[in-house]
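Me: Could you walk me through this structure, one question at a time? I am new to it.

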Amino acid sequence: MKPKILVARAIFPDVIERLTRYFEVETNDADVIMPPAQLAAHLADKDGALTTASERVDATVLAAAPKLRVVANMAVGYNNFDLDAMTAKGVMATNTPDVLNETTADFGWALLMATARRITESERWLREGRWDKWAYDMFLGADIHGATLGIIGMGRIGQAIARRAAGFNMHVVYHNRSRLDATLEAACKASYVGKDELLRSADHVILVLPYSAATHHTIGAAELAQMKPTATLVNLARGGIVDDAALARALAEKRIAAAGLDVFEGEPNVHPDLLTVPNVVLTPHIASASAATRRGMANLAADNLIAALGFGADAGRPPCLLNPSVLGK
Ligand code: GLV
């Protein structure tokens with residue numbers, strides 16, 4: 001008998017087809033987001049699951065899923081997992097690192113440029129039919145070239161963003177839990193600074209750090225007050241890293257110039273005040289959404305499931321295992 005899995009959200013049909021060669025697959029064709037109680041009911045008889053960052057896998061879900069051996073997240077971030085509870089139950093947890101680094105870094109730049117140069121704000125104005133003449137001070141923004149870029153979170157995506165900054169002749173500073181080794185710092189042409197110094201000196205701040213209780217509201221009212229009034233802020237990381245209400249206030253009062261946000265507290269709901277301030281570019285969590293990369297992420301999540309449930313060259317050892325201590329159990 002084939003092991004049973006749940007694919008908790010709609011994904012590429014060819015990846016489902018690939019999974020059906022190994023597994024009895026339950027799909028979610030309506031693509032509804034399952035809250036924990038509903039997810040638990042669907043996992044009662046399952047050996048594995050493929051989830052996205054929208055599904056919370058917590059102790060309640062695990063208690064209802066006695067056969068579950070692996071949950072493969074189709075995301076690099078895994079703050080939707082209670083990793084300790086999964087490890088305690090001997091359930092393998094996997095994610096999809098690396099495959100999205102360059103695509104996400106590209107998007108970070110798209111969002112930064114759109115924010116600093118007021119692209120969406122000016123396009124809205126043009127579409128409203130308000131453009132009747134050119135003027136010297138129309139939509140003045142901030143330069144990217146030659147400016148100081150501050151990156152908070154210098155993992156592989158942060159490094160890919162830093163490498164691109166050389167093309168704009170920027171000065172790059174970063175802050176991270178731990179300092180990079182000298183070779184990586186040199187490759188990124190980036191200098192390590194404290195968070196306060198970064199906030200005070202950067203013309204553009206990009207957030208690319210993982211979400212956890214420790215990084216909740218890394219940017220709140222106090223941090224926004226430290227930034228230059230001409231600065232821009234880009235959040236590519238996770239909702240909750242920025243205090244969205246405090247940011248909306250700072251934008252409305254022009255305490256910073258502008259923000260670009262791909263992630264939100266409580267998404268897909270967006271703080272209503274962010275929807276009314278003009279100086280913010282809003283995108284619906286699409287930083288990794290190139291066609292090739294999203295397919296790569298789905299296939300990597302499938303690789304993890306296939307290996308975890310005992311198939312292929314990596315049988316029993318999925319390539320992106322987050323909690324290797326479960327292997328001995
Ligand atoms: C997207 O947000 C991811 O974590 O992959």
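Reply: Happy to! Let's start with a term: a salt bridge is a side-chain nitrogen of Lys or Arg within 4 Å of a carboxyl oxygen of Asp or Glu. This is a predicted model, where local features need pLDDT of at least 70, side-chain atom pairs count only at pLDDT 80 or more, and totals for chains, interfaces and linings use all residues. Residues are numbered from 1 along each chain as its sequence is written, and side-chain values use heavy atoms, with hydrogens and water left out.

Me: How many residues apart in sequence are the parts that Asp 14 and Arg 295 tie together?
Reply: The side chains of these two residues meet in a salt bridge, at 2.7 Å from N to O. Helices here are DSSP runs (H or I, at least four residues), as strands are (E, at least two), numbered from the N terminus. Asp 14 sits in helix α1 (residues 13-20) and Arg 295 in helix α13 (residues 291-308), so the parts they join are separated in sequence by 281 residues.

Me: Which residue ranges make up domain 1 and domain 2?
Reply: The bounds come from an automatic or database domain assignment. Domain 1 is written as two stretches and domain 2 as one. The ranges are 4-99 + 291-328 for domain 1 and 101-282 for domain 2.

Me: Which three residues supply 69% of the area that domain 1 buries against domain 2?
Reply: Buried area is the accessible area (1.4 Å probe) that two parts lose on being put together, summed over both. Between domain 1 and domain 2 this is about 590 Å², with 39% given by carbon and sulfur atoms. On the domain 1 side, the three that supply more than any other three residues are Asn 79, Asp 98 and Thr 293.

Me: Which side chain does Asp 98 meet in a salt bridge?
Reply: Between domain 1 and domain 2 the count is one salt bridge. The distance from N to O in the Asp 98 pair is 3.2 Å. The partner of Asp 98 is Arg 156.

Me: At which residues does UniProt place the NAD-binding domain feature?
Reply: UniProt positions use the numbering found here, feature names are shortened, and annotations may be inferred rather than shown by experiment. The unreviewed entry names the feature "domain: D-isomer specific 2-hydroxyacid dehydrogenase NAD-binding". Over this stretch the chain is 34% helix and 16% strand, with its end C-alpha atoms 9 Å apart. UniProt places the feature at residues 110-287.
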